[in-house]
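Work through the exercises below with the sequence and the coordinates open. Each task is followed by a solution in steps.

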Amino acid sequence: MRVAVLVSGRGSNLRAIVHAAREGRCPVTVVAVFSDRAEAPAIAWARAEGLETRVVAPSDFPDRAAWDEALARAVAAHEPDVVVLAGFMRIVGTAMLGRFEGRILNVHPSLLPAFAGRDAPARALAAGVRIAGCTVHVVDAGVDTGPIVAQAAVPVLAGDDATRLHARIQRAEHELLPAVLEAIATGRVRLRPVLQAPPCARCVDDRLLVAP
Ligand code: GRF
């Protein structure tokens with residue numbers, strides 16, 4: 001399965017996918033890595049690993065629609081089956097959504113629908129939750145609103161601050177995201193071009209909730 005990964009930051013989720021693929025745990029090929037920021041550490045890492053990389057920066061375009069169209073074209077040129085937003089800090093627009101409808105996944109550091117948007121671990125902590133976690137979901141036009149594919153829970157521990165909690169959530173992300181890609185690549189989970197109501201969740205093991 002051909003996977004394009006979009007990144008803006010550190011790229012630990014990108015590394016998790018690439019390592020899982022190399023270790024034979026996830027039958028995918030990362031065909032290209034895209035970023036909105038030339039200075040993203042993830043892009044430097046991808047380049048050093050010999051992956052195809054491309055920066056599509058909004059500042060190089062007259063408006064958001066032009067950027068979105070250029071990004072969609074650049075990604076489409078690599079013919080991915082699935083596009084993964086792995087710490088991509090921008091909302092993709094109609095060109096991306098239209099071209100890859102139902103095939104764009106995002107990883108988010110909360111148990112959605114709780115704490116959509118930025119700073120989710122800090123807000124979860126402030127709300128006093130005892131269980132936090134991460135979600136892989138299909139991207140739609142909203143912010144972290146698309147159908148949930150899988151979730152993993154982690155405990156909030158005494159003495160946690162947002163950084164410690166986020167690090168624990170990220171360790172869960174690094175297992176969940178490759179597991180979801182493996183499930184899609186092997187046909188256990190099917191992404192559909194048009195998704196209606198969010199599917200109900202089915203427990204497939206004690207850490208993983210995967211939509212039937
Ligand atoms: C992750 O926690 C992800 O959930 C959120 O952004 C973070 C990206 O981390 N969307 P990294 O760049 O993959 O290390």
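The exercises treat a predicted model and cover salt bridges, cysteines and the ligand site.

**Exercise 1. Salt bridges around D160**

Task: Determine which arginine side chains meet D160 in a salt bridge, and state whether each residue involved is buried or partly exposed.

Solution:
- Step 1. Apply the cut-off: a side-chain nitrogen of Lys or Arg has to lie within 4 Å of a carboxyl oxygen of Asp or Glu.
- Step 2. For R164 and D160 the N to O distance is 3.8 Å, and the pair is a salt bridge.
- Step 3. For R168 and D160 the N to O distance is 2.7 Å, again a salt bridge.
- Step 4. Turn to burial, where under 20% relative accessible area means buried. D160 has 12% relative accessibility and therefore counts as buried.
- Step 5. R168 is buried, as is D160, whereas R164 has a relative accessible area of 44% and is partly exposed.

**Exercise 2. Other salt bridges**

Task: How many salt bridges does a search of the whole structure find? Describe the pair E23 and R25, and the network that includes E69.

Solution:
- Step 1. The search of the whole structure returns nine salt bridges.
- Step 2. One salt bridge joins the side chains of E23 and R25, with 2.6 Å from N to O.
- Step 3. E23, at 53% relative accessibility, is exposed; R25, at 46%, is partly exposed.
- Step 4. E69 belongs to a network of salt bridges with R73 and R99.

**Exercise 3. Cysteines**

Task: Explain why C26 forms no bond with the closest cysteine sulfur, and give the disulfide count.

Solution:
- Step 1. A disulfide is a covalent bond between the sulfur atoms of two cysteines.
- Step 2. The cut-off for the sulfur pair is 2.5 Å.
- Step 3. The cysteine sulfur closest to that of C26 belongs to C134 and is 15 Å away, so the two are too far apart for a bond.
- Step 4. Both residues are nevertheless buried: C26 has 2% relative accessibility and C134 has 0%.
- Step 5. The disulfide count is zero.

**Exercise 4. The ligand site**

Task: Where does the ligand sit, and which of its oxygen contacts involve R10, G11 and E173?

Solution:
- Step 1. The ligand takes up the space of the largest pocket.
- Step 2. Residues surrounding the ligand include S12, N13, H108, H166 and Q170.
- Step 3. On the backbone side, an N or O atom of R10 is 3.4 Å from a ligand oxygen, and a polar atom of G11 is 2.8 Å from a ligand oxygen.
- Step 4. E173 contributes a polar side-chain atom, 2.4 Å from an oxygen atom of the ligand.
- Step 5. Of the 370 Å² of accessible area that the ligand has on its own, the protein covers 88%.

Terms used. Residues are numbered from 1 along each chain as its sequence is written. This is a predicted model: local features need pLDDT of at least 70, side-chain atom pairs count only at pLDDT 80 or more; totals for chains, interfaces and linings use all residues. Side-chain values use heavy atoms; hydrogens and water are left out. Buried means under 20% relative accessible area, exposed over 50%, partly exposed in between (1.4 Å probe, protein chains only). A residue is near a molecule or strand if one of its heavy atoms lies within 4 Å of it. A polar contact is a pair of N or O atoms within 3.5 Å; within protein, one must be able to donate a hydrogen and the other to accept it, and residues adjacent in sequence count only if both atoms are side-chain atoms. Accessible areas come from the Shrake-Rupley method with a 1.4 Å probe; for residues, only the protein chains shown count as cover. On a 1 Å grid over the protein atoms alone, a cavity is a set of points where a 1.4 Å probe fits but cannot get out, and a pocket is an open set with protein on both sides within 12 Å along at least five of seven lines; lining residues have an atom within 4 Å of a point. A molecule sits in a cavity or pocket if more than half of its atoms lie within 2 Å of its grid points.
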